[in-house]
Amino acid sequence: MVRTRFAPSPTGYMHIGNLRTALYAYLIAKKNNGKFLLRIEDTDQKRTVEDSVEVIYSSLSLAGISYDEGPDKDGGYGPYIQSERRDIYRKHIEELISMGKAYRCFCTKEELDRDRDEFSKRYPDKPFRDKCRDLTGSEIKAKTDQIASCVVRQRIPETGTTTFTDIVFGAITVENNTLDEQVLMKADGLPTYNFANVIDDHLMEISHVVRGYEYLSSAPKYNLLYESFGWKIPEYIHLPHIMREDGKKLSKREGDASFQDLLDLGYLPSAIINYIAMLGWNPGTEEEYFTLDDLIVKFSPERINRSNAIFTRDKLTWLNNIHIKKMPFEEFQKKASEYYPKDLSSRYDIEKIGKLIHERLETFVQIKDKTDFFLKVPDYDISLYENKKMKSDPATAKIMLEKIIPVFDTVTEWNNETVFSAMNELIQKEGCKSGAVLWPVRIALSGKLSTPGGASEIADIIGKAETAARLKAAVEKLGE
RNA sequence: GGUUCCAUCGGCUAACGGUUAGGCCACAAGGUUUUCAUCCUUGUAAUCGGGGUUCGAUUCCCCGUGGGAUCACCA
């Protein structure tokens with residue numbers, strides 16, 4: 001049974017890299033008809049942000065990544081929140097100490113700083129070894145009686161090597177004497193991530209450990225722990241990082257986009273998922289559009305890349321347009337309704353407007369900019385009438401606009417077709433290029449260089465009276 | 001600095017040791033068009049450097065260079 005997990009710490013911020021880790025873990029589980037679980041790594045009480053578990057729940061839910069087991073969905077392997085598992089960790093740390101694979105350290109912060117400093121001067125190429133590692137039984141007892149709290153460190157073998165295999169990076173071997181003796185249990189009685197993840201992954205029967213690349217160098221130490229307990233070592237899948245354009249890591253402080261930020265910018269969850277799935281992975285074909293269900297079928301961890309990828313919005317934006325176009329119109333309108341300017345739907349046929357913008361939207365936040373001219377023509381410069389290809393300039397535009405006004409006046413049934421043929425009528429009569437009429441009319445009606453739809457489509461939507469008013473205003477503007 | 005990982009167009013990436021090194025985004029040009037939107041076509045653009053191994057290296061090995069990760073009572 002394949003079992004994977006996503007184990008975020010509740011910091012209140014779901015960045016793209018985290019989400020991708022969750023996605024890959026989810027895909028690996030689902031692809032193998034396995035289980036995907038959510039575990040909350042809240043062993044750092046200082047860092048835990050209130051309500052941030054909600055951010056995790058809602059992000060996963062919006063992304064469509066559902067878990068089979070989690071804090072609010074017991075699957076028999078709980079609790080799924082690490083701060084509720086203290087007794088489990090305590091039991092295992094005792095076991096490790098009695099096996100001699102871990103030891104208590106009584107050093108204070110100050111002692112540690114000093115000792116580390118001294119140690120690095122004497123042995124610049126060796127990892128720090130704490131003096132408490134060689135305490136005898138009676139010394140430990142004396143310290144225990146004297147000092148209330150202590151931490152527990154992992155004891156690393158002096159010699160030998162440790163090898164582990166990662167599905168992405170292959171076999172990696174390190175000398176044990178380059179590994180540091182990390183803290184497993186903190187003075188507050190909670191385990192560090194380094195200890196908790198091993199205990200929990202084993203107890204929760206995680207078969208494939210999917211996590212960020214930053215844990216790769218700790219993996220040998222985890223292996224040593226598994227070996228001490230005599231536990232089966234899981235498959236490792238370490239993921240390369242997602243970087244920003246300047247090569248730095250994505251960070252909340254620098255204001256880099258989180259999942260939530262991207263949603264706020266008008267990106268669809270399905271597009272974001274599609275995009276991040278391909279940051280570091282590809283199906284081996286030239287397909288680029290994937291739904292979450294497609295990914296479950298196509299995804300394979302063997303095809304994950306080893307190098308870091310840079311996150312840019314260009315391709316995400318392009319992909320978002322593809323996803324928008326694939327949305328059924330009804331669904332599109334429902335989502336778009338959150339973005340239309342106020343009053344737009346009460347004044348005009350919102351369905352016609354929706355059809356016009358559906359195919360030409362990159363993000364939903366563009367809706368306002370693309371539709372606000374329906375309500376009010378913006379203050380524009382008459383240079384917009386200048387277009388060589390369309391044989392239009394302010395002077396000819398004024399003439400054409402003056403001529404089209406009476407023609408439009410005779411149109412009785414007002415719609416896209418009749419308006420268009422009315423303009424065609426004038427074009428025929430004048431024997432001019434169609435752009436000479438179409439261009440200025442569109443500018444006059446919209447005040448914009450680029451609009452969703454052409455002149456007659458806009459005229460149709462805003463109606464005969466409004467069209468006449470706008471044309472008249474434009475002529476006046478051009479007369480100045 | 002120790003350990004370790006990575007390295008193909010500007011970005012994401014493809015290529016049993018044999019390809020004119022392919023695709024997508026972005027960019028540029030042209031075309032279609034009721035818009036400078038959409039759509040279509042074309043183009044610019046890459047194997048980090050140096051040594052090997054090999055008939056042949058983007059691919060395998062070594063060295064260098066560059067970048068990343070890690071070395072917390074954070075995860």
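Here are a few notes on this predicted model of a protein with an RNA strand.

1. Let's start with the RNA. There are 65 residues around RNA strand B, and the closest of them are Lys-186, Tyr-213, Asn-282, Arg-360 and Thr-451. If you sort the residues of this surface by type, you get 24 nonpolar, 20 polar and 21 charged. Helix H11 (residues 313-326) gives the largest share of the surface, with 4 residues.

2. Which part of the strand faces the protein, sugar and phosphate or bases? Among the atoms of RNA strand B within 4 Å of the protein, 70% are from sugar or phosphate, and the rest are from bases.

3. A few individual polar pairs are worth a look in your viewer. Glu-288 has a polar side-chain atom 2.5 Å from a sugar or linking oxygen of RNA strand B. For Glu-41, a polar side-chain atom is 3.4 Å from a sugar or linking oxygen of the strand. Asn-305 instead pairs with a phosphate oxygen of RNA strand B, its polar side-chain atom lying 3.4 Å away.

4. Now to the protein interior. In soluble globular proteins, nonpolar side chains tend to be buried together. Here the largest nonpolar core has 130 residues, and Ile-65, Phe-195, Ile-272 and Phe-332 have the most contacts inside it. Helix H1 (residues 16-31) supplies the largest share of this core, 10 residues. Another core lies apart from it and has 9 residues, including Cys-105, Phe-106, Cys-107 and Val-151.

5. Ile-272 is a handy place to zoom in. Beyond its neighbours within four places in sequence, Ile-272 is in contact with Ile-16, Leu-19, Phe-259, Leu-262, Leu-263, Tyr-267 and Leu-316.

6. Helix H14 (residues 350-358) also deserves a moment. Its buried residues are Ile-353, Gly-354, Leu-356, Ile-357 and His-358. The cover over them includes H11, helix H12 (329-336), helix H13 (344-347), helix H15 (366-371) and helix H19 (455-479). At the start of H14, Asp-349 places a side-chain oxygen within 3.0 Å of the backbone nitrogen of Glu-351.

7. Finally, the cysteines. How many disulfides does the structure hold? The count is 0. Why is Cys-150 not bonded to Cys-105? The sulfur of Cys-105 is the closest cysteine sulfur to that of Cys-150, but at 8.0 Å it is too far for a bond. Cys-432, with a relative accessible area of 22%, is partly exposed. Since buried means under 20%, Cys-432 does not count as buried.

Note on methods
Residues numbered from 1 in each chain as written. Chains lettered and ligands numbered in written order. Predicted model: local features only at pLDDT ≥ 70, side-chain atom pairs only at ≥ 80, totals over all residues. Heavy atoms only, no water. Near = heavy atom within 4 Å. Polar contact = N/O pair within 3.5 Å; in protein donor to acceptor, adjacent residues only side chain to side chain. Helix = DSSP H or I, 4+ residues; strand = E, 2+ residues; numbered from the N terminus. Nonpolar A, V, L, I, M, F, W, Y, C, P; charged D, E, K, R; others polar. Core = buried A, V, L, I, M, F, W, Y, C linked by side-chain atoms within 4.5 Å. Buried < 20%, exposed > 50% of the residue type's maximum accessible area, 1.4 Å probe, protein only. Contact = heavy atoms within 4.5 Å. Disulfide = S-S within 2.5 Å.
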